[in-house]
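Subject: Structure handover

Dear colleague,

Here is the structure I promised to pass on to you, together with some notes on what I found when going through it. Please have it open while you read.

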Amino acid sequence: MKKLLACVCALALLLAGCTSLKPVEMTPQELHAEIKQSQVVQVGDRIKAVTMDGKTHEFRVTEISATTIFGKNERVEIAQIVALETRQFSGGKTALLAGGAYLLYILALLAAAPAFVLSGG
């Protein structure tokens, strides 16, 4: 049971590490138009927005209106955004990390096998 719990925890950590912030390369005017058309930001996305006053706002989007992006405890006026990054999930990185973890697990078992056999266990 402890091994199963350890594997689940390790997998959760691996999956959490398979996202990255991806900058949206646009002028502020293009960015504003794309946000309003729901092309760049959608409800549920994790974003990092920099506003004209230089402040950075990092949150999960809960609602988007014609003028504002809302988070649980955040709200950012679309017209004030000068830079935006969205968190992207990478299936390829996830598969690579999961495969690598499985391979390390197998190698650890193979490395421990001779000691286990010699101990009579």
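The notes below go from the whole chain to its strands and then to a few single residues.

Please bear in mind throughout that this is a predicted model. The mean pLDDT of the protein chain is 74, and 53% of its residues reach 70 or more. Confidence is lowest in helix α1, residues 2-16, where the mean is 56, whereas it is highest in strand β5, residues 75-77, at 95.

As for the overall arrangement, the protein chain holds three helices and six strands, and its elements follow one another from the N terminus in the order α-β-α-β-β-β-β-β-α. Of the 121 residues in the chain, 19% are buried, and the chain exposes about 8,400 Å², of which carbon and sulfur atoms supply 63%. Among the contacts with a separation of 6 or more, 53% are accounted for by residues 24 or more positions apart.

Turning to the strands, β2 (residues 46-51) pairs with β3 (residues 56-64) in the antiparallel sense, over five bridges. One pair that you can look up in the model is alanine 49, whose bridge partner in β3 is histidine 57. The hairpin of β2 and β3 has four residues between the strands, and in this hairpin glycine 54 takes a positive phi near 90°. Strand β3 also pairs with β4 (residues 68-71), again in the antiparallel sense, but over three bridges. Here glutamate 63 has phenylalanine 70 as its bridge partner in β4, and the hairpin that joins β3 to β4 does so through three residues.

Two residues of strand β2 may be worth a closer look, and isoleucine 47 is one of them. Its relative accessible area is 1%, so isoleucine 47 counts as buried, the cut-off being under 20%. Leaving aside neighbours within four places in sequence, isoleucine 47 is in contact with Val41, with His57, Glu58, Phe59 and Val61, with Ile69, and with Leu84, Glu85 and Thr86. Some of the residues around isoleucine 47 are thus far along the chain: its C-alpha atom is separated by 6.1 Å from that of arginine 87, although the two residues are 40 apart along the chain.

The other residue is threonine 51, which also has its place in strand β2. With a relative accessible area of 6%, threonine 51 is buried as well, because that value is under 20%. Apart from neighbours within four places in sequence, threonine 51 is in contact with His57, Val76, Gln80, Ile81 and Val82. His57 is therefore a residue to look at from several sides, being the bridge partner of alanine 49, a contact of isoleucine 47 and a contact of threonine 51.

Lastly, how many salt bridges does the count come to? The count comes to one salt bridge, and it is formed by glutamate 77 and arginine 75, whose closest N and O atoms are 3.6 Å apart. Side chains of opposite charge can pair when their charged atoms come close. Arginine 75 is exposed, because its relative accessible area of 53% is over 50%, while glutamate 77, at 32% relative accessibility, counts as partly exposed.

With best wishes

Conventions
Residues numbered from 1 in each chain as written. Predicted model: local features only at pLDDT ≥ 70, side-chain atom pairs only at ≥ 80, totals over all residues. Heavy atoms only, no water. Pairing = 2+ DSSP bridges. Salt bridge = Lys/Arg side-chain N within 4 Å of Asp/Glu carboxyl O. Buried < 20%, exposed > 50% of the residue type's maximum accessible area, 1.4 Å probe, protein only. Contact = heavy atoms within 4.5 Å. Areas by Shrake-Rupley, 256 points an atom, 1.4 Å probe, with all protein chains shown as cover. pLDDT = per-residue confidence, 0-100.
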